[in-house]
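Work through the exercises below with the coordinates open. Each task is followed by a stepwise solution.

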Amino acid sequence: MPLIVLGWSRLLMVRAAALLFTCVAFSVAAHGASLPHRGMAAWCIFCWAFSFAATAVILLVELLGLQVRVPVSWSNFPITVACYAALLCLSASVIFPLYFLRDRAYSAEQRDHRVASTVFSCLAAVAYMVEVSMTRARPGEVAGYMATAPGLLKVCQTFVACVIFILVSEPVAYEHHAALQWCMAVYCICFIISMVVVVMCVGECTGWLPVPFPRFLTACGFLAAVMYLTATIIWPVFQFSKGYRARGGNESSLITVAVLTGINFLLYLTDVAHTARLVFVSG
């Protein structure tokens, strides 16, 4: 029977704070904010609830000392969750006030609940950023891949791709030209590649590859960077040029996708530069 570990380190305190902040954010929003059960409201609730549940699991495992019994790499799993949670809570902290605090069609009580959710979402994002900063690998330190700069970049790449998927799906913004369908293929293929790397590292499956893992990372990163370069050029040309523009599209979403495509290209380019010279020991 495992014994509960009573010693509370700074890291555990940061995780406990993040757990509290996310719990308050989604509890207050669900209780009295009178939000719709779809769209961006559902996304924000998901961000807080997922972060809360994942952090609760990590805290429970560490307090019970079960790290060696879980079927994942504990040098990779917590920081991966923290990085995703930081991005999720940060996105909710931007989206929630943008969509649900601008209009005045709600009561003072509903406004107070929405303001409280926004504040605690921001606090949760800060807590997760602090956790990532505390657990990431320092120069010369032996750590799991996900604690290194390329590992954290993989998380950012998959998150940005998910945001792109949301923006281009409703309304569908890539069906009116084959070049835009190529851009969508780029987003999907590169997302799958990065997510496979994340899953392999967290699941300790990197040894299954027929080639050395660093060489696999370099090849995939270079391929993804080249593909994203083409999408960075093609997307704005075929979305905003008069000869190719489709009618009825949400221009702000299309511009956001163009910006995010460029950001992901830079993330993959930085990833390749780091991976080419990084020496790490997988946890």
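**Exercise 1. Find the residues that make a nonpolar surface patch of about 250 Å².**

Step 1. Select candidates: patch residues have over 30% relative accessible area and no salt bridge (a side-chain nitrogen of Lys or Arg within 4 Å of a carboxyl oxygen of Asp or Glu). Areas come from the Shrake-Rupley method with a 1.4 Å probe, and for residues only the protein chains shown count as cover.
Step 2. Join nonpolar side chains (Val, Leu, Ile, Met, Phe, Trp, Tyr) within 5 Å.
Step 3. The patch is made by Leu90, Val94 and Met129. Val94 is found in helix α3.

A note on the input: this is a predicted model, where local features need pLDDT of at least 70, side-chain atom pairs count only at pLDDT 80 or more, and totals for chains, interfaces and linings use all residues. Residues are numbered from 1 along each chain as its sequence is written, and side-chain values use heavy atoms, with hydrogens and water left out.

**Exercise 2. Determine how many helices and strands the protein chain has.**

Step 1. Take DSSP runs, numbered from the N terminus: helices are H or I with at least four residues, strands are E with at least two.
Step 2. The protein chain has eight helices and zero strands.

**Exercise 3. Identify which helix gives the most to the largest nonpolar core.**

Step 1. Build the core from buried (under 20% relative accessible area) Ala, Val, Leu, Ile, Met, Phe, Trp, Tyr and Cys residues joined through side-chain atoms within 4.5 Å.
Step 2. The largest core holds 43 residues; Trp48, Tyr128, Tyr145 and Met146 touch the most other members.
Step 3. Helices α1 (10-32), α2 (39-64), α3 (77-100), α4 (108-135), α5 (149-169), α6 (178-202) and α7 (213-240) each supply at least two residues of this core. Helix α3 gives the most, with 13 residues.
Step 4. Another core lies apart from it, with 32 residues, including Ala225 and Leu254.

**Exercise 4. Classify two residues of helix α8, Thr261 and Arg277, as buried or exposed.**

Step 1. Thr261 has 1% relative accessibility, so Thr261 counts as buried.
Step 2. List the contacts of Thr261 (heavy atoms within 4.5 Å). Leaving out residues up to four places away in sequence, Thr261 touches Ile164, Tyr187, Tyr228, Ala231 and Thr232.
Step 3. Check for a polar contact, a pair of N or O atoms within 3.5 Å, one able to donate a hydrogen and the other to accept it; residues adjacent in sequence count only if both atoms are side-chain atoms. The side chains of Thr261 and Tyr187 make one at 2.7 Å.
Step 4. Arg277 has a relative accessible area of 63%, so Arg277 is exposed (over 50%).

Technical notes
Buried < 20%, exposed > 50% of the residue type's maximum accessible area, 1.4 Å probe, protein only. Contact = heavy atoms within 4.5 Å. Patch = residues over 30% accessible without salt bridge, like charges linked within 9 Å, V, L, I, M, F, W, Y side chains within 5 Å.
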